[in-house]
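User: I should like a close look at a single part of this protein, with the surrounding architecture described as far as it helps. Please give the answer as one connected account.

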Amino acid sequence: MAMGGAVLSYGGWRLARNSDWLEGIGPGGHGHLKKVSRSCRALGTDVHLTVFHEDARTAEKALSAAFTEIDRVEDLMSLYRADSQLSRLNRNGSLTAPDPDLVRILQTASRLSARTGGAFDVTVQPLWRLYARRDKAGALPDGEDLSRTRAKVDWRKLEVRPENIRLHGEGMAVTLNGMAQGFATDAARRILRCHGIRSALIDAGEVGAVGKPLHKANWTVGIQHPRQQGELLGISNLEGRCLATSGDYETRFSDDYRFHHLFDPQTGRSP
């Protein structure tokens, strides 16, 4: 079964900032602690950071540093920036002197591919392109389309070395949309901690927590029901932890959910 990380993963949880799905954050501050929030657009999603600190200027400085780090991750791993290292790799088939973080995440992807027998495969980007192109025409890929495109998908043809990354196949391309958001979330958590933030919540398409909310035992995050809009499938407590999900309802190519953004690399179809 294909892993959701293989293609666009917008997440199946919902951090409902304007409802009771997320507990522990109220308007303004709590006591002597100040609540500071900021948002931006990055990695194909809306990014929201909320921190608590005694000093508002310290909180603002921490947020600025965290967003600078997220921007750096996007420069490396985003498909939405034509000049990112990942986009250059896909365009040219190779990348010289890649950033060590890009090397590490692709090495991790290769290990996951090996452990899952290829069910997780970051080289499925040609499949995404095919489905997106056919969807614009109001159709689904046929068997010939899928056969031709599947020949471009094979994690074993992705060579990752500290000095160079190569795609050993014509028309191959990599997507990190199932990993980059989580990587950015982890990076932002580290930056916030380095700036003395002990309580924060990060929503970068995948949610990560620092510490716990004020006057609460845990951050409480609702997981969206995949078929009932506005309803929750469950609740997760995230004291110092992260959560990522992916659902067929986020990006689908047929109304019956049979074709969506999660692909089985062996068949080119959705599991």
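How are Asp101 and Arg104 placed relative to one another in helix α3 (residues 100-115)?

Analyst: The model is predicted, and every value below is computed from it. Asp101 and Arg104 lie three residues apart in helix α3 (residues 100-115), so that about one helical turn separates them. Their side chains form a salt bridge, in which the closest N and O atoms are 2.4 Å apart. The partners differ in their exposure: Asp101 is buried, at 12% relative accessibility, whereas Arg104 is partly exposed, with a relative accessible area of 47%.

This pair does not stand alone. Asp101 and Arg104 belong to a network of salt bridges that also links Glu69, Arg72 and Asp99. In the protein, the count of salt bridges comes to 18.

Another pair with this kind of spacing is found in helix α6 (residues 180-194), where Arg189 and Asp186 are three residues apart, about one turn of the helix. Their side chains meet in a salt bridge with an N to O distance of 3.9 Å. Here it is the arginine that is buried, Arg189 having a relative accessibility of 10%, while Asp186 is partly exposed at 32%. A further salt bridge joins Arg81 to Asp75, with the closest N and O atoms 2.6 Å apart. Arg81 is partly exposed, at 23% relative accessible area, and Asp75 is likewise partly exposed, at 33%.

Glu69 leads from the network to the packing of helices. The residue is part of the salt-bridge network described above. The helices concerned are α1 (residues 56-77) and α6, whose axes come within 9 Å and cross at roughly 150 degrees. An angle over 145 degrees counts as roughly antiparallel, and α1 is therefore roughly antiparallel to α6. On the α1 side, the contact is made by Ala62, Leu63, Ala65, Ala66, Glu69, Ile70, Val73 and Met77; on the α6 side, by Ala180, Phe183, Ala184, Ala187, Ala188, Ile191 and Leu192. The crossing of α1 past α6 is right-handed.

A second helix pair can be described in the same terms. The axes of helix α4 (residues 125-136) and helix α5 (residues 143-150) come within 9 Å and cross at roughly 155 degrees. These helices, α4 and α5, are therefore roughly antiparallel to each other. Pro126, Leu127, Leu130, Tyr131 and Arg134 of α4 make the contact with Asp145, Leu146 and Thr149 of α5. As α4 passes α5, the crossing is right-handed.

Within this second pair, Leu146 merits attention. This leucine is located in helix α5 and is buried, with a relative accessible area of 4%. Leaving aside neighbours within four places in sequence, Leu146 is in contact with Leu127, Leu130 and Tyr131, and also with Pro141, Thr267, Gly268 and Arg269. The C-alpha atoms of Leu146 and Leu127 are separated by 7.8 Å, although these residues are 19 positions apart along the chain.

A strand residue may be set beside these helical examples. Ser236 is located in strand β10 (residues 232-237) and is buried, at 15% relative accessibility. When residues up to four places away in sequence are not counted, Ser236 touches Trp219, Thr220, Val221, Ile223, Arg241 and Leu243.

The cysteines can be treated briefly. The structure holds zero disulfides. Cys194 is exposed, at 69% relative accessibility, and Cys242 is partly exposed, with a relative accessible area of 36%.

These details belong to a protein with six helices and 11 strands. Of its 271 residues, 51% count as buried. Among contacts in the protein with a separation of 6 or more, 60% are accounted for by residues 24 or more positions apart.

To return to the part in question: Asp101 and Arg104 are about one helical turn apart in α3, and their salt bridge, at 2.4 Å between the closest N and O atoms, belongs to the network that includes Glu69, Arg72 and Asp99. Within that pair, Asp101 is the buried partner and Arg104 the partly exposed one.

Key: Residues are numbered from 1 along each chain as its sequence is written. This is a predicted model: local features need pLDDT of at least 70, side-chain atom pairs count only at pLDDT 80 or more; totals for chains, interfaces and linings use all residues. Side-chain values use heavy atoms; hydrogens and water are left out. A disulfide is a pair of cysteine sulfur atoms within 2.5 Å. Buried means under 20% relative accessible area, exposed over 50%, partly exposed in between (1.4 Å probe, protein chains only). A salt bridge is a side-chain nitrogen of Lys or Arg within 4 Å of a carboxyl oxygen of Asp or Glu. Helices (H or I, at least four residues) and strands (E, at least two) are DSSP runs, numbered from the N terminus. Contact means heavy atoms within 4.5 Å. Axes are lines fitted to C-alpha atoms, for helices over the stretch in contact, and angles run from 0 to 180 degrees between N-to-C directions. Angles under 35 degrees count as roughly parallel, over 145 as roughly antiparallel, 65 to 115 as roughly perpendicular and the rest as oblique. A crossing is left-handed if the near helix is turned anticlockwise from the far one by less than a right angle, and right-handed if clockwise.
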